[in-house]
Amino acid sequence: MAQLICRDLALGYDGGAILEHLNFEVNAGEYLCILGENGSGKSTLMRTLLGLQPPLSGEIRTGDGLAHNEIGYLPQQTVVQRDFPASVWEIVLSGCQGGCGMRPFYTKEEKARAAEAMETLSITPLTKRCYRELSGGQQQRVLLARALCATRKLLLLDEPVAGLDPRVTQELYALIRKLHARGITIIMISHDLHAALEDADHILHIGSTVFFGTKADYLQSDCYRGFLKGGDAQ
Amino acid sequence: MTLLEYLQYPFVRYALIVGVLIALCSSLLGVTLVLKRFSFIGDGLSHVAFGGLAIAAVMNLTNEMPLVLAVTVVSAVLLLRTGQNAKIKGDAAIAMISVGALAIGYLLMNLFSTSSNLSGDVCTTLFGSTSILTLTRSEVWLSIVLSVLVVAIFIFFYHKIFAITFDESFAKATGTHTGLYNLLIAIVIAVIIVLAMNLVGSLLISALVIFPALSAMRLFKSFKAVTVCAAVFSVVCTVTGLLVSVMSGTPVGSTIVAVDLAAFLLCWLVGKLTAGRAA
Ligand SMILES: Nc1ncnc2c1ncn2[C@@H]1O[C@H](COP(=O)(O)OP(=O)(O)OP(=O)(O)O)[C@@H](O)[C@H]1O
Ligand SMILES: [Mg+2]
């Protein structure tokens, strides 16, 4: 059974649908890349999958033992107010909050988990630093560590490499590969066609035409050729 | 008179106890208020509390706090609702309610007040010139109970408040009941505002809530350090302001806020200097 199943999903805001009749499913351990032009509704889809906004119609089901508070999420842009006082440790640890329920304090295991996530992303030396004083790449790692605290099963990443330089981008992709290799399902939104085709095993392309399938099928599709052409024309 | 002689008077002791507790409570949620849209809810609510007080005065209630508390908490819940409803602009609704409450409150006091010194009464409610020094025993107890409750709630929900203040979407996406905690925060803010009204009056409440947090944010960079430091600042400034005002006869509320402002400027300066050295 799949971890995440979308049936005839329609999404949008206040009645105006952006996308309709969306069908796809993600199995445990897969790496799905969501492609599409700016404004095609990729972030909206992700927000809907996370339950941050209701779908206009259709249904989203989780399965394979995945509960709703076991999804990790890396937002496209975290508009952290310029002055927000928060240390890296506080932020990473807050990823465990969803599993706390009414419990007011974090357990030893949760703290160990946060420390482990920071180790994985090589940000342990930043533990005590102030989040807003970090570089964009470091901030992105901190948020990824936070997402990792929230899940062992499924990570949703919305343009994780936006604004990062090529070297840091490659590092981040390598990290995501590493997490995938540990058995975490990855759903990533990306504008980076090249990287998407390298790492992902499934592709969801949304826009005027919708494609969902394996990478091999995608490479043969009209959708892919159209997208390439659009890219060339720019 | 010396300080010790002043402390012989029960009303000065009451004022100090309640003042310290109020200062503690009001500073705790300061960071959340400063950094979230709650800041204008706080401002709006203080005006609502003024309206509530006017109604209580017109009804000739001897103990007005329960009524004011009820009115403010209900408004807090309503404001939060409208704020979340995308169709009605949240800030417009807040502006409407707060200015409306201010106007109606003053109107009511004008029409029905039997007091001979109306502008004095209004001034007291707006700037809290003496209310902290004229607390009755029951008001003192109510203040103590509410303050303890606020501090307990804050400690109990500290990590959740942090998660929601820092990134509400993430918190919601990963299974935190943000709606519930937002409601809780709004109610706690309402309670704090009603409490703080006794100390500084409804116009100056925002200062009491926001200054300590802003000061602490100049100096510290983690949420915990800022929260603890804001609480300490707030208590120290309030006690200083209270004592100064009792001894020199200046209005309590404005003296406390003046001390808070001075502390903020000091922190700002220190922050600038240390930042310059680090760079
Ligand atoms: N809060 C909102 N209310 C109404 N419409 C919105 C809202 N957010 C986004 N939209 C609209 O929904 C459409 C899809 O937006 P979305 O952010 O999902 O695009 P995207 O595919 O993530 O684009 P990008 O590649 O630029 O991130 C856009 O046309 C946008 O204008
Ligand atoms: Mg997007």
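**A salt bridge, an interface and a cavity**

In this predicted model, the side chains of A:Glu133 and B:Lys221 pair up in a salt bridge, at 2.8 Å from N to O (a salt bridge being a side-chain nitrogen of Lys or Arg within 4 Å of a carboxyl oxygen of Asp or Glu). The pair joins two chains, because A:Glu133 sits in the loop between helix H3 (108-120) and H4 of chain A, and B:Lys221 in the loop between helix H12 (205-219) and helix H13 (223-248) of chain B. Helices (H or I, at least four residues) and strands (E, at least two) are DSSP runs, numbered from the N terminus. Over all chains the rule gives ten salt bridges, and two are found across the interface of chain A and chain B. Side chains of opposite charge can pair when their charged atoms come close.

Now for the rest of that interface. Chain A puts 38 residues into the contact and chain B 29 residues, with contact meaning heavy atoms within 4.5 Å. Together the two chains bury about 2800 Å², 64% of it on carbon and sulfur atoms; buried area is the accessible area (1.4 Å probe) that two parts lose on being put together, summed over both. On the chain A side, strand E5 (71-74), helix H2 (88-93) and helix H4 (136-150) each give two or more residues. Of the elements, H4(A) gives the most, with four residues. By class, this side of chain A has 20 nonpolar, eleven polar and seven charged residues. Here Ala, Val, Leu, Ile, Met, Phe, Trp, Tyr, Cys and Pro count as nonpolar, Asp, Glu, Lys and Arg as charged, and the others, Gly among them, as polar.

What about empty space inside? The lining of the largest cavity is made up of B:Leu29, B:Val150, B:Ile153, B:Phe154, B:Ile161, B:Leu184, B:Ile185 and B:Val188. Helix H8 (137-156) and helix H11 (178-200) of chain B each give two or more residues to this lining. The lining has eight nonpolar residues, no polar and no charged ones. A cavity is a set of points on a 1 Å grid over the protein atoms alone where a 1.4 Å probe fits but cannot get out, and lining residues have an atom within 4 Å of a point.Residues are numbered from 1 along each chain as written, and chains are lettered from A. Local features need pLDDT of at least 70, side-chain atom pairs 80 or more, and hydrogens and water are left out.

Key: 1 Å grid on protein atoms, 1.4 Å probe; cavity = no way out; pocket = protein on both sides within 12 Å on 5 of 7 lines; lining within 4 Å.
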